[in-house]
Every structure is written in structure tokens, then in C-alpha cells.
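Please open the model in the viewer and set the backbone and side chains to be visible. The tour below proceeds from one selection to the next.

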Amino acid sequence: MAPDIPSERFVAPTEDADYIKRVVMVPMRDGVKLYTVIVIPKGASKAPMLLTRTPYNAAGRASRAVSPSMLAMLPQGDETFVQEGYIRVFQDVRGKYGSEGDYVMTRPLRGPLNGTKTDHATDAWDTIDWLVKNVPESNGKVGMLGSSYEGFTVLMALADPHPALKAAVPMSPMVDGWRGDDWFHNGAFRVNTLAYIASQTTVKGRGEAMATGWYDDYDGILRQGAVASYARRFGLDKLNFTKKLFEHPAYDSYWQEQALDRLLAKRKPTVPTMTVVGQWDQEDIYGAYAVYSALEPMDKDNKLNYLVVGPWRHSGVNYDGYSLGDLKFEGDTALQFRRDTMQPFLNQYLKDDAPVADTPPVLFYQSGSNRWQKLKQWPLACASGCPAASKAVYLKDGFKLDFTAQKGGEEFDEYVSDPAKPVPFVPRPVRMGDPEVWRPWLVKDQRFVSDRPDVLSYVSEPLKAPLTLSGAPQVKLFASTTGSDADWVVKVIDVYPDQVPGQPEMGGFQLPLSMDIFRGRYRNSMEKPEAATPGKVEQYSFALPNVNHVIKAGHRVMIQIQSSWFPLYDRNPQSWVPNIFYAKPADYRKATHRIYHSGAHSSSVELPIVPTAR
């Protein structure tokens, strides 16, 4: 009757493993200790270290598989690091999983929003200081990388970098949660944020998925009414971060003072930084470009600030890059970047006596032509030497589109926007938690909404020559509403010919290149919302996400306009309320929206066109 489970912890033999794993609690300056996993190649000496600070379980990030092979055990995106003999470090941020302390979602830097003596910058500093003093197998050089929230922690470390931090690779970083990253886009709230908040803040580890009781998010969320009612239904209104969001619907000091592009622009960069993002990043499509633009004026010698954009989804750089949705690319684009560009870049700064890498200031995969481009700066369309490259494409009568403004003719097109029947952002049933739905939705064929009466589609004639777009399209919309508020969704679309030899299923495909939403109440000020005057023509100007794409000859250009994108974005009630989170059922009203396209009110989208020769 001897017990079969030993009283002491069982430890399996590790002689066959090609690595040594150490788990330590690294002390911070305030006494809090952070759970840290260090994976060292056996026999390593003077090896560089790569650190990732994560809220997503350091133990799990360092254990993709149970294996004696370091290559098999670490994440897929780490394969080149293993082959180059790097020491890999994962750490839980304070308050998550194995780390001590309190968790604050995207904890701000010390200052107006953080009165304590610690933040992600100090925690990164203290961790790096401990690593260089306590990992004898290392050469004392540390790099940081990570994607999404992990990319955010990389950027936070750059606010006050440790001298041993020699290189940084923030991937798909969350930079400004109001302008165009996780929580809002131009003031419109991303409803799936609530499920993420539940997973991150209900328990120290990963929270359980919400038991919603429905299959189709479109129906289920629509029945809840306003976002505050939805949150209350599942108890999420009691969570602190939910309260913060609901208290700050506009772009006030709460958002401005933690926008990382603004903060980093005030600090002279010292660490070579390669910011990486996917052209169709469905979560953090704004921040990478914003950080690159903020740092670029301070990088006179092109030695500190680099930008990489691949044909990927959010964090797609760390997985296979052969395709996205229905799009196919030339080989594994993600591996190509990791192996041929990122690894030499890291080696240059982290390995002793490594050769200087041939790293271009900007590396961008141009879709349409399906090729990597090495560029001197971004965007091309607005670079010095070609100020007239951008060109407006105008909406016209008969839902036509071309490069000349309309004089006379019909003044407007109109549609009825009904909050009870919002336009879905993907075909129904909508399953926002399904990876096969969520990851590729930004390249979804837009024909599923083209024929709706509340979606306007303006189309050009087939192009006689290729059209190269390289930059951020600028929307200049003249519109009126019978309500007192409205949202505007604008899409730039590449319409394929009716027949595509070699890939017949792409015949007539409507490929979204750049699209976003704008909450109309912020047309004059992002900080101070204003009601619209019913019937008054007003101008709505905003930027769409960056694009680098060749629309081929024979294809057509389409501009789509609508006023809801549900259930990803909350519905605008279309009647004025001070805070849309708390709108009442009676506030949601039908409204007739008019899009003007004649004379002084010629709506257009300025396309960042670059001559093919460039």
C-alpha cells in the first residue's frame, strides 16, 4: 500500500535534451518578483539573449511541445534564434500567471496616469540588469521582441532602455488604443474588446470564455442593446478596465498621455528598432506606422529606425506566410523575413563579431505584384521629391468613379441606415472567436455586402495600366444625415476581372485594400464631440490604413461607403447622446444619409499613387 505518487516532485532525466531550462523569480526595484523562464542551449558560451515580456503565460510560451529539442519546444517563430544559438527568455508581466504584483492593462509609464515608481520600462530595465549579471552563459547583450501586447512591452522598454538592450523588434504593437489599435478606431468601439478584457482581468491566469448562450454574435450582441447593457449582462461592467473605457469614449488626456508614438517622439532613440506589422493586421493596424513616423525624424543616418510590413494578419509574422484567406503569395513570406532580414539584423547587434547586416530602412511586401521591396522611406507617395504623387478619385453619378470631379448632375446618393439592421463586417453567422473568421477578415471578399441598399459602391472602368498605391488613402467625405450623429465606413477595394485564369474562384473578387470606420461626432475634434445638424452638409476627413498594392490592368477600383460594421464595432444610435456606451433603446433611430459628389461638395478619396517606375 505504498503511495504511487512520490512525496517529492518527480524530475525526469534531461540528459537527452539539447537545452537547459531555468525558472527564476527576478526581483524588481520595489520588491515584486517576476516569473521568468530562461532556455539556454547546452554548452552555450557568450551567447546573446532574447527577452519577451508577456501577459500570455511565460511557461506556456516556452513550452510549445514537450520535447528534448529546443527547436521543437520553442514557438514556431523562434526557429532561427535556436539555429543561431540564442538564449531565449520569457517573463510574465507583473500580476499575471506566475509573477507577483498587481496587473494593470497596458500599464502607463510613470507620470500623470501612473503615480507609482514602476512601469513596464522599469521592469524591463530591472530584468535585463538581472539577466546580464546572473546568466553566465551570455555575452551580456540583450534584445527584446514580441508581438501584440508583447510588442507594446518592447516599446515601453525603449522609453528608458537599459545599456545592455542592444536591439528591439516590436511586432504588431499596441500603440494608441483609441486612434486605431485594440480598443477603438477613430472613436468607434470594438465590441470584441469585452471578451478580451474578461480573458485578461477576471483571474491572474487566463480567464474563461464568456458563456454567451448564442452561436451568431450578430444576433446575440444586437439583442443586448448598447455596449453598457451587454457588459452588464455578463458582469463585465464591474471590471476596472471596462470602467476606464466607458469613462473615456473621446480622445481625452487619458488616451493622449499613453499613446506610445507621442511618448517616444519626446525621447531620443538609442536602440536600433525594427517595427514589424502585417498589411492586414486585424487588431493593431495603426501603431507600427505611427511609431515609425514618430522616430524617423530623429534617425538622420538611417541606423536606428526600421519598418517591415508583410502580407500578414495580426502576429502572422511568427507563423506560416504562404497565404492569407484567399490570397496566395510567393513562398513563405514570414519565414523569408525572419530568416533573411530579422535574424541578420539581430545578429549584428547581439552576437559578438557578427557581420553588418544589409538592413533596408523599410522592407515592404507589395501585394498585387507579390514581391518584397527595399525602400528608403515610407510612405513612397508622400516622400520628398514626389509631392504630387497622391491623386483624388471622385464619386460620381451612376455610382461611377474616376479622377475628375463632377460638375453638375445629381448632387448626392442616399441610403437609409437602420441600427436595427446593421451591416455585418463578415458574412453571417458571425463568429468573432473563430480564428478562421477573425484572422483573415480584412481580406474577405466584399461582395457579401455590395448589393445591400445601405451600402454604396462606386466603381471605375477597367484600368488600362497598373495602378500602384503606396501610402495611406485620405478620405474627404461630404455628407448629411437626418439624424444628429453618424458613423462612416469607407473601403478602397481592388475588383478582379470576371475571369482569373489559374485561380477561377477569384473571378470578380472584391479585395479590400484599406478600410476603416470614423465616428462622425469627432469630425471637428477628437477630444470634444459635437452633434451633427440634421440636413446640413458637413465634411468628414480621415486617413485609412496604409496600403502597398498594385491594382493590375483590367482590374477596377471600388470605393464602398456604409454606416455600420457590426458586431465588431458598436452601433451609432444616430441620435445625439453624450456617451454612446449608455445609449437607451429609444435612442437608436433610422436615419437617411446623403453622400454628396458634385461641385464644391465632391466627395473623394485621395489615393497614394506612385508611378510604376518608382
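Is Asn 57 buried, partly exposed or exposed? The model under examination is a predicted one. Select Asn 57: its relative accessible area is 23%, so the residue counts as partly exposed, given that the buried class ends under 20% and the exposed class begins over 50%. Its backbone also deserves inspection, for phi lies near 80°, a positive value in a residue that is not glycine. To place Asn 57 in the chain, display strand E3 (47-54) and helix H1 (58-61); the residue sits in the loop between them.

Next, select Thr 106. This residue, likewise not a glycine, has a positive phi of about 40°. Strand E4 (87-92) and helix H4 (120-134) flank the loop that holds Thr 106. Its relative accessibility is 5%, and Thr 106 therefore counts as buried, the cut-off being under 20%.

The remaining stops concern peptide bonds. Select Trp 378 together with Pro 379: the bond joining them is cis, with omega about 0°. Where does Pro 379 lie? Pro 379 belongs to the loop between strand E14 (371-375) and strand E15 (391-396).

Finally, select Arg 428 and Pro 429. The peptide bond from Arg 428 to Pro 429 is cis, and its omega is near 0°. Display strand E17 (412-417) and helix H14 (435-438) as well, since Pro 429 is located in the loop between these two elements.

Definitions and conventions:
Residues are numbered from 1 along each chain as its sequence is written. This is a predicted model: local features need pLDDT of at least 70, side-chain atom pairs count only at pLDDT 80 or more; totals for chains, interfaces and linings use all residues. Side-chain values use heavy atoms; hydrogens and water are left out. Helices (H or I, at least four residues) and strands (E, at least two) are DSSP runs, numbered from the N terminus. Buried means under 20% relative accessible area, exposed over 50%, partly exposed in between (1.4 Å probe, protein chains only).
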